[in-house]
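Colleague: Please take a close look at one residue for me, and then show how its setting fits into the whole chain. A connected account would suit me best.

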Amino acid sequence: MDDLSDIREMYNTGWDAEANRLERHQLEADITWRYLKLYLPPHGRLLEVGFGTGFYTFPLARRGYQITAVDLADEYVTRCKARAEELDLYDQIDFRAGDARTLDGITRGKFDAVLLMGPLYHLLLETDQTAALRSAYACLKPGGVILSALISRFGILDHLIKKNPSWIENQEEVWSLARQGHRPADAPRGGFRGYYVRLDEIAPMHETVGFHTLKIAGVEPAISADDESYNSLEGKQRDLWLNLLFEVSAEQSMVASSRHIFYVGQRPED
């Protein structure tokens, strides 16, 4: 297994940025809520793996779900436990620190749904991705659903061109991401170390552990284009961005152009 201690530390020290993230990306949140309402059972037991600051956890608990919530970051567990007490939801949510790949101590075969909306961002190894999905599958009842989130390999380019256009000059990292979905293996650890999927990987990575695919959707459809940022580029940066964008221009899917991709699957009935 990959050592995720750098990811744990990033989140343990990054509460404030994470707490405000979905205020900055409201379409992602709104469409995600639509899919949760559509595919979650009307009541039951949920396992949320990678609950973050509890953006979805607390509203779901208010709707009556009994939730076991697991996160890699100890700081998030501590803060969310305190928040649950403030909201009088402590009896409905069991917050725990844990690893999505093993889900140690989590009862198998007892949950109506699993939310895996974060861990797959940071699992670079195929064996780790499979381990997390196998663990989620094992925790579900037959007929239970999984709702997982992934980051699109090419959907993030709009964010990079807007927020960090000089990134294009690190050509080793650019083409490592474009071709392999992550930074070069020997890159220093620190910051957001993630895996960025191609659309055609998503169904097979879930189906190989036994899930039946119900839906794959982009949660930021049609907002990825940013003409203004591209128009402002000059010289070397403009040429290099044009090279990269032309190279990926045959990617046709609206889903793949979204920064985040949402997967819904089901564990078949026995």
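Modeller: Happily; contact here means heavy atoms within 4.5 Å. The model is predicted, so local features need pLDDT of at least 70 and side-chain atom pairs count only at pLDDT 80 or more, while totals for chains, interfaces and linings use all residues. Residues are numbered from 1 along each chain as its sequence is written, and side-chain values use heavy atoms, leaving out hydrogens and water.

Let's take His-122, which sits in the loop joining strand 4 (111-116) to helix 7 (126-139); helices (H or I, at least four residues) and strands (E, at least two) are DSSP runs numbered from the N terminus. Although His-122 lies in a loop, its relative accessible area is 5%, so the residue counts as buried (under 20%; exposed is over 50%, partly exposed in between, with a 1.4 Å probe and protein chains only). Leaving aside residues up to four places away in sequence, His-122 touches Leu-4, Ile-7, Met-10 and Tyr-11, and also Phe-192, Arg-193 and Gly-194.

Now for the whole chain. The protein chain holds 13 helices and eight strands, and 52% of its 270 residues are buried. Among its contacts between residues at least 6 apart in sequence, 79% link residues at least 24 apart. The C-alpha trace spans about 60 × 40 × 35 Å along its principal axes. A compact globule of 270 residues would have a radius of gyration near 18 Å, so the 19 Å of this chain agrees (taken over C-alpha atoms; the rule is 2.2 Å times the number of residues to the power 0.38).
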